[in-house]
Amino acid sequence: MMSMKEIEKRLWDTADELRANSGLRPSEYSRPVLGLLFLKFADTRFAKVEEKLKPKPGSRIRPGPDEYKAHGAIYLTPQSRFDWLNQLPEDADLGKELNNAMEQIERDNPDLADALPKSFAEIPKDTLLELLRLLEPLDLSGDTFGQVYEYFMGEFAKATMEKGGEFYTPSSIVRLIVEIIEPYEGRVYDPACGSGGMFAHSADFVARHRREPGKALSVYGIEKTRETLRLMKMNLAMHGIGGQVSEANSYYEDPYDSVGKFDFVMANPPFNVDKVDKTKLKKDVRGEEVIDARFPFGLPTADNANYLWISLFFSALNDEGRAGFVMANSASDARGSEAEIRKKLIDTGAVDVIAAVGPNMFTTVTLPCTLWFYDKGKIGTEREGEVLFIDARNMFRQVTRAFRDFEDWQIEALANIVRLWRQTDPELNWASDAWLKERFDAEGGDGLVYRDVAGLCRAVSREEIEKQGWSLNPGRYVGVTEREDDGVDFRERLTELQAELEELNTEARELDIAIARSVADILEA
């Protein structure tokens, strides 16, 4: 039996043939490949529900699309079933049949209107057959499908080199945000939703806590790129989540009348965007120019949209709402009008947790970032005057030389620091207990209790934040860990690193020569 990594690699290698054999760009071949993954998953779920809804012998009543949807399945006609497509005769026009299958699925499932790919006729038949052959024996139900889909989204993000991962946020970052804001039920808003990862992992969180995501959550998303919006619709359908998605520009449009409306806000907005037309963020009210209510602290004068997002997320929350979002490190210490907005924001008492994350956590961006969390429910409580700062830069798993993520136990450990500070019960599903016990063991060993830990976390009063110029940079407050001698000889290690650098430089020179030769051959041809 193939391991998950082998499955992922074989599927990706086959998908990558599209680049060589079809002339499609990565942004174009991602949709048909994800469409086939979607179809395989939908077929697996449909078959299980079909067995449940099987009519009694002799009955002429057959369940329709609504019955399947009520059981969390996407309705499929016989001609859109995976097995039927995989067993077509050799002379069949497979591309055309796949396009027809996608059109039928959209007709029977209105939530998927204009979401599924219909470009299979442009793909070589041999490549389509190979993809179908690889997918046919796989059980892509439950977590297995989620892992494969996440893998493909990450690979496509790297292939298309989307700036800042604007359509894909790595799952470990999303999962940490979800674990800290804990979206058990309610309305979830993401005004920069990309392919819907925040929604998908919220659904996973709800399912893990033994509830039905489709009943517990309603999602509201905004995405300005139509192609990405289609990916999101597929992602929502596969996770059984209902809600609304809009193609719009969140700076200028507010299709959900968002102020004070949502229980949870999650987002990974594009960083440091300039050229936003701030005149469009104001309205004429009886001859007076009024700033849009989504920006309650005023507009920044800097040509940078970071604080527009920061304000927009705050204003969208209801009185008990929580938010978690990714933000550029520079926003934590930004000066001028942005510092004034930050002061007003901190004065509300809603700023809850600020966590520093190390570099290389995103597929296309090497810079570190910061995770910001709001909790309007803590206003008026004893925690109103505090902000919890966490430095998670030293917690990661090195996946490749250029990419890191969090392991399951690390996500759980970081979220549990927040839970302990909030004086709620920690969750111990992924073996974070030993790490937590070492740092947060209560006196006498009776459970866990929050305490400041140098280099890791510290609860800071509003008065101290004011003394630091209203900075929200965790490094200013958390301090550094006392490091023990690890027994590694510094000179010896430095020599090893120098040798490794020389080897990499040699490889780079060889690649430069090979590229130059290839270019010369092309020009001479």
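# Notebook: salt bridges, strand 4 and a few side chains

I began with E464, which counts as partly exposed at 23% relative accessibility. This is a predicted model, so everything I jot down here is computed. E464 forms a salt bridge with R458, and I get 2.9 Å between the closest N and O atoms. R458 is partly exposed too, with a relative accessible area of 24%. Since the cut-off for buried is under 20%, neither partner makes it into that class.

**More salt bridges.** I ran the search over the whole structure and got 31 salt bridges. I then picked out E179 and R419, whose side chains meet in a salt bridge at 2.9 Å, N to O. This pair links distant parts of the chain: E179 sits in helix 8 (residues 171-181) and R419 in helix 14 (residues 408-421), 240 residues apart. How covered are they? E179 counts as buried at 6% relative accessibility, and R419 is buried with a relative accessible area of 1%.

Next I looked up R322. Its salt bridge partner is E182, with the closest N and O atoms 3.3 Å apart. Again the pair links distant parts of the chain, as R322 is in strand 7 and E182 in the loop between helix 8 and strand 1, 140 residues apart. R322 is buried, with a relative accessible area of 17%. E182 counts as buried at 12% relative accessibility.

Which residues are linked in a network of salt bridges? I noted E179, E182, R208, R322, D352, D375, R383, R419, R422 and E427. Both of the long-range pairs above have their residues in that list: E179 and R419, R322 and E182.

**Strand 4.** I turned to strand 4 (residues 262-267) and found it mostly covered, with five of its six residues buried. Which strands pair with strand 4? Strand 1 (residues 186-190) does so in the parallel sense over two bridges, and strand 7 (residues 317-328) in the parallel sense over five bridges. For strand 1, I traced V188 to its bridge partner F264 in strand 4. For strand 7, I found L317 standing opposite F262. Strand 7 is also where R322 of the E182 salt bridge lies.

**Helix 15.** Where do the buried residues of helix 15 (residues 433-440) point? I listed W435, L436 and F440 as buried. They cover an arc of only 95 degrees around the axis, so they lie on the same side of helix 15. On the other side of helix 15, I found A434 and E438 exposed.

**Helix 18 and a surface patch.** I checked the surface for nonpolar side chains and noted a patch formed by L511, I515 and V519. Together they have about 280 Å² of accessible area. V519 lies in helix 18 (residues 490-524), and is partly exposed with a relative accessible area of 41%. Patch residues need over 30% relative accessible area, so V519 passes that cut-off.

**Cysteines.** How many disulfides does the structure hold? I found zero. I looked up two cysteines anyway. C193 is buried, with a relative accessible area of 5%. C457 counts as buried as well, at 1% relative accessibility.

Methods. Residues numbered from 1 in each chain as written. Predicted model: local features only at pLDDT ≥ 70, side-chain atom pairs only at ≥ 80, totals over all residues. Heavy atoms only, no water. Disulfide = S-S within 2.5 Å. Buried < 20%, exposed > 50% of the residue type's maximum accessible area, 1.4 Å probe, protein only. Helix = DSSP H or I, 4+ residues; strand = E, 2+ residues; numbered from the N terminus. Pairing = 2+ DSSP bridges. Patch = residues over 30% accessible without salt bridge, like charges linked within 9 Å, V, L, I, M, F, W, Y side chains within 5 Å. Areas by Shrake-Rupley, 256 points an atom, 1.4 Å probe, with all protein chains shown as cover. Salt bridge = Lys/Arg side-chain N within 4 Å of Asp/Glu carboxyl O. Arc of directions from axis to C-beta.
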